[in-house]
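Student: Could you walk me through this one slowly? I'd like to ask questions as we go.

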Amino acid sequence: MTVSDFDSYRPPEPERRKRRGGKRRRAGAGGRGEVPVVPEATFASYYGQPVIKPPPWGSPIAIYLFLGGVAGGSALLGVGAQLSGRRELCRNSRLGAFGAIGAGSVALIADLGRPERFLHMLRTIKPSSPMSLGSWVLTAFSAAAGVAAAAEVDRMSAARLPLGPLRRVLQALEAPAGVGAGVLATPLAAYTAVLLSDTANPTWNAARQDLPFVFVSSASLAAGGLGMLTTAPEHAGPARALAAMGAAGELVATRVMKRNMDPVAAEPLELDGPGRLLKWSERLTIAGGVGAAVAGRSRWLAAGSGAALLAASALTRFGVLRAGLAAAQDPRYTIEPQKRRLAARRRAGIVHDSITTAG
Amino acid sequence: MNHLTESPQHTRHSGYPRKGFFTDTSICIGCKACEVACKEWNRNPADSQYELLESSYDNTGELGADTWRHVAFVEQNREHIEAARESGRALVSLGMPGIGPPGGNGQNLQGVDTTPPDTPDFRWLMSSDVCKHCTNAGCLDVCPTGALFRTEHGTVVVQDDICNGCGTCVAGCPFGVIERRSDGVVGTKSERDFTPGEQAGTHNVGVAQKCTLCYDRIIDGQTPACAQACPTTSIKYGTREDMVDTARTRVAELHAQGLTEARLYGANSQDGVGGTGSVFLLLDEPEVYGLPPDPRVPTADLPQMFKRAGLAAAGMLAGAAAAFVLGGRR
């Protein structure tokens, strides 16, 4: 930093090393291979250190986002099949919904810092916390899906479950439980988008308008895919239709979402690992969606399309989660959009709401 | 804000005034006594391997689960100093409300002489950062267990025995302050007690941790450890009202000396987080110190997000209904 006559004798300074797992990157120059979509603007930062922190959410959370969507969509298929008398689709969807939510809940608990305290999620109801509301939705949904699935298992095993007098209770509760799971299915599929958007994370927060639409579409196509995979084609018509609509919905919603976002905040969705995940998700969505639309009675085509759609949904969730985690590592994504919106407000004559004041 | 966001007004019945810090970075000498005092008092574990971070004299890095005070060091040359002075002057001429000391007149700094006495070729910015204890706290709003709560002193504190480490607050904080403690091992209650002369065990592992504004000290009428240890009174502690008044007086004083780069951070109750409990006097743009230039509590937009999610959910329901109509042929 000092300037003296002897500076010319000094050997060139080596490039700064990355430390702490790449936490302290130089501002704007993250050493990534791809060229950023938006030209790099100059901005000041504190030694390239991130302003916000990424939440400690690893792969289990992405798996939960995926499985929660599968469970919600499957419960919807289940209640539709229940009301329209499609036995096979109803059975498979109910089992799918309970299996997915069961595994998803385990993933969710595994990611807690203190898993033994997971029941603390239910010690209060807090409307300002999407995680709190979601925990209640998840709990109620799991109970309803569990009853419906238990009734199916009992029927499949020809009433061999050791239920005794409870069998009658189970049979009486089966239909209301199926409907109940269907009612809670859409909040279950949509709340995770609010959970991600209701944060200071620049990418997730900038996506707040349209992320719920991406997530419910992803849930629909995944559940449709699961139905196509598990149910004979002659009974899986609604699953194919749901999958095709979900695929179309996700392709549109993702584009609208990116267009409505601040271009800098949207960048992590297109760069590096998360960008590749979302690109592959898009390809698989197109392939699976077309497959669902044309599969008809072909069992193998339907199964292949269904698997592609499930994979596409999982990739979407991993991509969105990791894009946010990546955005938190680079101060540029926090500082640039904030500076821009502050400057825009000042240009518009709004000066009363700045955190920095002259006095 | 909206009806969902929490704020210190909710605990007005406590009868205690809201407490806060005023960190005057213009008199910080970078001694890090606040960091040491904080770690000692709160028995926070070491936060990393001892390493040199190549960021001036700052080898602490950032605020986190184990670091509740962090002194930032920024080295600037004449060019930076002049830019800072210019951006501060622009801020003044925006004509924001509340310029000048309380009760004083607003001043026009267009004509103020900013040439030396002391425009140096080089300066060090030193600033002791801390949890902002926001008026509308993002971490508190999104906490699902109620572990984060508003104390009777208007501060935001984690209840160690309630938090289950879900990590939502980490994402909810616009300042990157709160973090889940991950290092060390879980100790039983008896192991967590401190034995003089021995290394204390790491406590509260897996739980979100941040500055408590020394809740255990202020309920006893004591000053928080960092403010107590600060040798230059750069860290001041008191009721938030007093802190804001002191800050306004100080910034006017610096402006009158021609130091137009001085500005306040967090004193405005109409900003995105409703004003902060910890007010700062900065000598450059906030991002230079690693602070966000326009933070906004995420729950401010939550009602709108719920509406969009409701619309999406309705769309999904309609889609499923349509699927049974379209896929109706068996």
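**A sheet shared by two chains**

Tutor: Five strands, in the order E1(A)-E9(B)-E10(B)-E1(B)-E8(B), make up an open sheet with mixed pairing. This is a predicted model, where local features need pLDDT of at least 70, side-chain atom pairs count only at pLDDT 80 or more, and totals for chains, interfaces and linings use all residues. Residues are numbered from 1 along each chain as its sequence is written, while chains are lettered from A and ligands numbered from 1 in the order in which they are written. Strands here (E, at least two residues) and helices (H or I, at least four) are DSSP runs, numbered from the N terminus, and two strands pair if DSSP finds at least two bridges between them.

Student: Which strands stand at the edges of the sheet?

Tutor: A strand at the edge has a single partner strand, so one side is left without a neighbour in the sheet. That is the situation of E1 of chain A and strand E8 (235-239) of chain B.

Student: In which sense do E1 of chain A and E9(B) pair?

Tutor: Strands of a sheet pair through backbone hydrogen bonds, either parallel or antiparallel. Strand E1 of chain A covers residues 356-357 and has 2 bridges with E9(B). Thr357(A) has Leu264(B) as its bridge partner there. The sense of this pairing is antiparallel.

Student: How many bridges join E1(B) to E8(B), and how many join E1 of chain B to E10 of chain B?

Tutor: Take E8(B) to begin with: Phe22(B) stands opposite Lys236(B), and the two strands run antiparallel. On the E10(B) side, Phe21(B) is opposite Ser278(B) and Asp24(B) is opposite Leu281(B). There, E1 (residues 19-24) and E10 (residues 278-282) run parallel. The counts are 5 bridges to E8(B) and 4 bridges to E10 of chain B.

Student: How many residues of E1(B) are buried?

Tutor: Buried is a matter of counting: 20 or more other C-beta atoms must lie within 10 Å of the residue's own, with 12 or fewer making it exposed and anything in between partly exposed, and C-beta atoms are placed from the backbone. One side of E1(B) has Lys19(B), Phe21(B) and Thr23(B), the other has Gly20(B), Phe22(B) and Asp24(B), and both faces are covered. The number of buried residues is 6 of 6.

**Where the chains touch**

Student: How many residues does each chain give to the contact, and which element of chain B gives the most?

Tutor: Two residues are in contact if their C-beta atoms, placed from the backbone, lie within 7 Å. By that rule, chain B gives 89 residues and chain A gives 82. Elements giving two or more residues on the chain B side include strand E2 (69-77), helix H7 (240-256) and helix H8 (302-326). With 16 residues, the element that gives the most on that side is H8(B).

Student: How is H7(A) placed against H8(B): parallel, perpendicular or oblique?

Tutor: Helix H7 (residues 237-260) of chain A packs on H8(B) with the axes 8 Å apart, at an angle of about 130 degrees. Axes are lines fitted to C-alpha atoms, for helices over the stretch in contact, and angles run from 0 to 180 degrees between N-to-C directions. Angles under 35 degrees count as roughly parallel, over 145 as roughly antiparallel, 65 to 115 as roughly perpendicular and the rest as oblique. So H7(A) is, relative to H8(B), oblique.

Student: How many charged residues are in the contact of H7(A) with H8(B)?

Tutor: Ala, Val, Leu, Ile, Met, Phe, Trp, Tyr, Cys and Pro count as nonpolar, Asp, Glu, Lys and Arg as charged, and the others, Gly among them, as polar. Among the residues making this contact are Leu242(A) and Met245(A) of H7(A) and Ala323(B) and Phe324(B) of H8(B). The split is 9 nonpolar and 2 polar, and the number of charged ones is none.

**One loop residue**

Student: Is Ser298(A) buried, exposed or partly exposed, and what is the reason?

Tutor: Ser298(A) lies in the loop between helix H9 (272-294) and helix H10 (299-329) of chain A. Pro233(A) is 65 residues from Ser298(A) in sequence, but 6.9 Å away in space, C-alpha to C-alpha. Because Ser298(A) has 13 other C-beta atoms within 10 Å, the word for it is partly exposed.
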